[in-house]
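Welcome, and take your time with this one. Let us walk through the structure together, beginning with the whole chain and then stopping at a few of its residues.

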Amino acid sequence: MTGVANALRGEAVFMLGGEPIHLRPSFENLVAAEEEIGSLFALVERASQSGMTVSEIAALLWHCIERDPRPARDELGKAVLEMGLVEATKPIRTILAQVMQGQT
């Protein structure tokens, strides 16, 4: 998978160790994320109030990765902290916007 993402479909790219990781919020990926972190509607609400946790950010990113094998969760979590929360939330905003608005 290339680093090209279709933002209209909620896809995003996350840099991990200098490598672009393609994120796709497919139904299956979002269901898996929701099983771990709870309602995506509640997550959107927390995100709008700056209430998302680092573990929620890492979980949503990890579940939306479209490659096998996925990187280790701790590797992804370290990347989130290294880049900073502002930068890490850019792909989260893209994903959550698609979840709320649907495909165009």
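How many helices and how many strands does the chain have? In this predicted model, there are five helices and two strands. If you follow the sequence from its start, the order is β-β-α-α-α-α-α, with both strands coming before the helices.

Next, look at the chain as a whole. Its C-alpha trace spans about 30 × 30 × 25 Å along the principal axes. A compact globule of 104 residues would have a radius of gyration near 13 Å, and the chain has 12 Å, so the value agrees with that expectation. Of the 104 residues, 38% count as buried. Contacts also reach across the sequence: among those between residues at least 6 apart, 59% join residues at least 24 apart. On the outside, the chain exposes about 5,900 Å², and carbon and sulfur atoms supply 55% of this area. As for charge, there are 9 positive and 14 negative charges, and their mean positions are 4 Å apart.

Now turn to the two strands. Strand 1 covers residues 12-16 and strand 2 covers residues 19-23; the two run antiparallel and are joined by five bridges. One of the pairings to look for is L16 with E19, its bridge partner in strand 2. Together the strands form a hairpin with two residues between them. In that turn you will find G17, whose phi is positive at about 60°.

From here, move on to the helices and the loops that link them. Helix 1 takes in residues 27-37, and G38 sits in the loop that leads from this helix to helix 2. Is G38 buried, partly exposed or exposed? With a relative accessibility of 26%, G38 counts as partly exposed, because buried would require a value under 20%. Its C-alpha atom is 9.5 Å from that of E56, although the two residues are 18 apart along the chain.

The loop between helix 2, residues 40-48, and helix 3 holds S50, and Q49 is placed in this loop too. Both count as exposed: Q49 has a relative accessibility of 56%, and S50 has a relative accessible area of 71%. The C-alpha atom of Q49 is separated by 20 Å from that of A33, which is 16 residues away along the chain. S50 also deserves a look at its backbone, since its phi is near 55°, a positive value in a residue other than glycine. Most residues other than glycine have a negative phi.

Helix 3 brings us to I57. Where the loop residues were exposed, I57 is buried, with a relative accessible area of 3%. Which residues is I57 in contact with, leaving aside its neighbours within four places in sequence? They are M52, V80, L85, A88, T89 and I92. The C-alpha atoms of I57 and E35 are separated by 14 Å, and these two residues are 22 apart along the chain.

One last stop is the loop between helix 3, residues 54-63, and helix 4, residues 73-83, where P69 lies. The peptide bond that joins D68 and P69 is cis, with omega about -5°. Most peptide bonds are trans.

Methods. Residues are numbered from 1 along each chain as its sequence is written. This is a predicted model: local features need pLDDT of at least 70, side-chain atom pairs count only at pLDDT 80 or more; totals for chains, interfaces and linings use all residues. Side-chain values use heavy atoms; hydrogens and water are left out. Helices (H or I, at least four residues) and strands (E, at least two) are DSSP runs, numbered from the N terminus. Buried means under 20% relative accessible area, exposed over 50%, partly exposed in between (1.4 Å probe, protein chains only). The radius of gyration is taken over C-alpha atoms; the globule rule is 2.2 Å times the number of residues to the power 0.38. Contact means heavy atoms within 4.5 Å. Accessible areas come from the Shrake-Rupley method with a 1.4 Å probe; for residues, only the protein chains shown count as cover. Lys and Arg count as positive and Asp and Glu as negative; His and the chain ends are not counted. The place of a charge is taken as NZ of Lys, CZ of Arg, CG of Asp or CD of Glu. Two strands pair if DSSP finds at least two bridges between them.
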